[in-house]
Amino acid sequence: KVVQSISLLNQNFPRDDYTNVTEKIISHLGQNLHLQEGHPINIVTQRVLNYFYASFKNSRGNPQFSMYNNLCPIVTTAQNFDSLLIPTNHVSRSKSDCYYINQQHLLRAHMTSHQSELMKSGLDNFLMVGDVYRRDEIDRTHYPVFHQIDGVRLRSKNQLFPNDNDLDIFELGDYTENIGSQDKQACHTLEAVKLMEFELKSTLLGVAKSIFGEDFKYRWVDTYFPFTQPSWELEVFYEGMWMEVLGCGIMKQAILTNAGITNKVGWAFGLGVERISMCLYKIPDIRLFWSKDSGFLNQFKNQEVNAKITYRPISQYPQCINDISFWLPNDKEYCENDFYDLVRTIGGDRIEQVTLKDDFLHPKTGRRSHCYRIIYRHMERTLKQEEVNLIHKKIEKEAAKQLFVNIR
Ligand code: PHE
């Protein structure tokens, strides 16, 4: 009898009738766009982190928040749902919404999956970033894999009301059975909730302003999450429509209690990195984030984190890549920019990019050799390899003639 199992990130999982992950989805595991330096997902993450570092410092001037960026995307249903008080019959658990590996394991549907375990480890202020997986239609703004940044901040009575001993964070008495109202959980005092709400909303608006600048249109919308009460969404007005960029709220007290925390209240949020990045850089299609095309990636690479970048659409026609290697002249000066100009002159708009791939100094002869990668691509049509080869040959010939290099 064949035991069917799936191997993911070096772990083996038995299949069962819950299994619905596909090869295509699995191929996204471990790509870690949020860790890829110069990727727009990484840049936006860095900007959010910088805001928290600058805004929350302890008495020694050190950042209060720490960032967790390599939490495993394979989680248990206990992490993704139970730890967050999501009822067993809740729609978000269904096979049509999640990528299940088997009945017990799934690809996390939100970064909030890790909230409880990080609190149990003793953290009060933390951020988590990573890839999340949801079954959804595929269109310009939806993709089954995207990235979220979640954050949690826990506050004790003394931290919240340092100068006012009369104020408390909890109502007296036993409120375990009382669910409270739209405004607050029964166990919380109104003063604590109002102060927490204020800090939560001003922090998240601060993050948004540090990214979008001072003037953008936004609104807070009341909403519902099983793990926060009250709960809100922040919507930003972008290109004629309201776009939801984050969800947040006052954490359900039972989640803290279950994590062994009895003297604090908390706020939490989760924001969508692609959404923010698409608005910020005017990236028109969410699939572009997964592009390995240098025409996309190089628009963001090696830039200041706060650089103002507006994405320029790349051609949809395929690239042709040809390398060229030559020995630099011994007795004459060689200037890289001369070569770039020569390539542009000969190749015109069919040249998308030229990069120096290798700079080699021969240990014995002392001669220097350069290897360049030339990326050809036409904006309006598919280039034929023969056509590219002709241009490439001409570049070689002219470089030898004009720049006195020896083609290798
Ligand atoms: N997990 C929620 C989502 O994915 C976002 C959220 C996080 C809301 C934390 C409240 C608190 O939409």
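**View 1. Polar contacts of the ligand.** A side-chain N or O atom of Thr112 lies 2.8 Å from a nitrogen atom of the ligand; a polar contact is a pair of N or O atoms within 3.5 Å, and within protein one must be able to donate a hydrogen and the other to accept it, with residues adjacent in sequence counted only if both atoms are side-chain atoms. His110 places a polar side-chain atom 3.0 Å from a nitrogen atom of the ligand. In Arg134, a side-chain N or O atom is 2.8 Å from an oxygen atom of the ligand. On its own the ligand has 330 Å² of accessible area, and the protein covers 91% of that (Shrake-Rupley method, 1.4 Å probe; for residues, only the protein chains shown count as cover). This is a predicted model in which local features need pLDDT of at least 70 and side-chain atom pairs pLDDT 80 or more, while totals for chains, interfaces and linings use all residues. Residues are numbered from 1 along each chain as its sequence is written, and side-chain values use heavy atoms, without hydrogens and water.

**View 2. The shell around the ligand.** The ligand is surrounded by 13 residues, and those that come nearest are His110, Thr112, Arg134, Gln148 and Gly270 (a residue is near if one of its heavy atoms lies within 4 Å). Strand 7 (145-156), strand 10 (241-251) and strand 11 (264-272) each contribute at least two shell residues, and strand 11 gives the most, with three. Strands (E, at least two residues) and helices (H or I, at least four) are DSSP runs numbered from the N terminus.

**View 3. A salt bridge between helix 6 and strand 7.** Glu199 and Arg153 form a salt bridge through their side chains, with 2.9 Å from N to O. Glu199 belongs to helix 6 (residues 190-212) and Arg153 to strand 7, so the pair ties together parts 46 residues apart in sequence. The count of salt bridges is 19 (side-chain nitrogen of Lys or Arg within 4 Å of a carboxyl oxygen of Asp or Glu).

**View 4. Backbone geometry at Pro230 and Lys282.** Gln229 and Pro230 are joined by a cis peptide bond with omega about -5°, and Pro230 is in strand 9 (residues 228-238). Lys282, although not a glycine, has a positive phi of about 60°. Lys282 is in the loop between helix 8 (273-281) and helix 9 (294-297). Most residues other than glycine have a negative phi, and most peptide bonds are trans.
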